[in-house]
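Subject: Structure for you to look at

Hello,

Here is the structure I said I would pass on. Please open it beside this message and follow along; my notes come after it.

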Amino acid sequence: MPRFVIAVAVLFCVLSLSAQEPKPAASGHYLFAWTGDLDKKGNDFLAVIDADPASASYGSLVTTLATDQPTVRIHHTEYTMPASGMLFANDHDIGRTFIFDLRDPLHPKTVTSFTDQAGYMHPHSFVRLPNGHVLATFQHAHHAMGNGMGASGGLVEMDDAGKVIRSASNADPAFPDALLMSYGLVVLPEIDRVLSTNSSMHEEDI
């Protein structure tokens, strides 16, 4: 069954259980909501909701997984549920990303979290590469920081544990004053290329 992430007010993932780890009590479909405290008094957390229309508890909250991160701005997860079951999700303004193990929907786990990677900060979007690694856009580079955060960012390739494989800047020497802040991206494996858009998360920079 296809696995999708739907972006609404919060970000959701639908996951059908893998046959590799049969758990009769957890069979069915689940919705993962990456969310936080609107009043910013609590922490970011992952909510697991029963998404099986045939279930007696359809639409009910099954469990939650709290993080130690006070809510600032819950933002992106990966758009498609990864085959590995390891999902990247960030709180953008604090510049922190969590990696969740969702292979057992009723017992989600936090694998690790990270902030800056390979000299870049404030990750924004995540896309899976054909090799299973995650390619992330980062909005700012430390080397470009002056008064405030850097005007250029870059791309960072990581494995499921958040280990950096390689990185590349998207700064263009021909346009030193341009706000080249990596935003969205799409992988084009048939031509061995990645297309990245540039846009700041800060309205005053647009």
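G162 touches I99 and Q117, leaving aside residues up to four places away in sequence. This is a predicted model, so please read everything below with that in mind. G162 is found in the loop between β12 and β13. Its partner Q117 is 45 residues away along the chain, yet the C-alpha atoms of G162 and Q117 are separated by 8.9 Å. Is G162 buried or exposed? G162 has 10% relative accessibility, and the cut-off for buried is under 20%, so G162 counts as buried.

I99 also appears in the contacts of K109. With residues up to four places away in sequence not counted, K109 touches L65, I99, F100 and D101. K109 and I99 are 10 residues apart in sequence, and their C-alpha atoms are 8.7 Å apart in space. K109 lies in strand β9, which covers residues 109-114. K109 has a relative accessible area of 52%; exposed means over 50%, so K109 is exposed.

**The sheet that contains β9**

Strand β9 belongs to an open sheet of 4 strands, in the order β6-β7-β8-β9, with antiparallel pairing. Which strands stand at the edges of this sheet? They are β6 (74-77) and β9; each has a single partner strand, so one side of each is left without a neighbour in the sheet. On average, neighbouring strands of this sheet are turned by 25° against each other, with direction ignored. At the β6 edge, 2 bridges join β6 to strand β7 (residues 86-91), and the two run antiparallel. One residue to find there is I74, whose bridge partner in β7 is D91.

**The sheet that contains β12 and β13**

The loop that holds G162 lies between β12 and β13, and both strands are part of another open sheet. This sheet has 4 strands in the order β10-β11-β12-β13, and the pairing is antiparallel. Its edge strands are β10 (120-128) and β13, each of which pairs on one side only. The twist from one strand to the next averages 25°. How many bridges join β10 to β11? There are 6 bridges between β10 and strand β11 (residues 134-141), which run antiparallel. Within this pair, M121 stands opposite H140 in β11.

**Two residues with positive phi**

A118 is in the loop between β9 and β10. Its phi is near 55°, a positive value in a residue other than glycine. A118 is partly exposed, with a relative accessible area of 41%.

D192 is in the loop between β14 and β15. D192 also is not a glycine, and its phi is positive at about 55°. At 62% relative accessibility, D192 counts as exposed. The turn that holds D192 belongs to a hairpin: β14 and β15 have 4 residues between them. These two strands run antiparallel and are joined by 5 bridges. To see the pairing, look for L188, which stands opposite R193 in β15.

**The largest pocket**

The strands of this hairpin come up again here. About 310 Å³ of space lies in the largest pocket. The elements that give two or more residues to its lining are β12 (154-158), β13 (164-169), β14 (182-188) and β15 (193-198). Which element gives the most to the lining? The answer is β13, with 3 residues. In total, 15 residues line the pocket, and L129, L135, E157, R166 and V194 lie nearest its centre. By type, the lining divides into 9 nonpolar, 2 polar and 4 charged residues.

**The protein as a whole**

Finally, some totals. The protein has 0 helices and 15 strands. Of its 206 residues, 45% count as buried. Among contacts between residues at least 6 apart in sequence, 42% join residues at least 24 apart. The contact between G162 and Q117 is one of these, with the two positions 45 residues apart along the chain.

If you want a starting point, find G162 with its contacts I99 and Q117, and then go on to K109, which touches I99 as well.

Regards

Conventions: Residues are numbered from 1 along each chain as its sequence is written. This is a predicted model: local features need pLDDT of at least 70, side-chain atom pairs count only at pLDDT 80 or more; totals for chains, interfaces and linings use all residues. Side-chain values use heavy atoms; hydrogens and water are left out. On a 1 Å grid over the protein atoms alone, a cavity is a set of points where a 1.4 Å probe fits but cannot get out, and a pocket is an open set with protein on both sides within 12 Å along at least five of seven lines; lining residues have an atom within 4 Å of a point. Grid points are joined across faces, edges and corners, and a volume is the space filled by probe spheres set on the points. Ala, Val, Leu, Ile, Met, Phe, Trp, Tyr, Cys and Pro count as nonpolar, Asp, Glu, Lys and Arg as charged, and the others, Gly among them, as polar. Two strands pair if DSSP finds at least two bridges between them. Axes are lines fitted to C-alpha atoms, for helices over the stretch in contact, and angles run from 0 to 180 degrees between N-to-C directions. Buried means under 20% relative accessible area, exposed over 50%, partly exposed in between (1.4 Å probe, protein chains only). Contact means heavy atoms within 4.5 Å.
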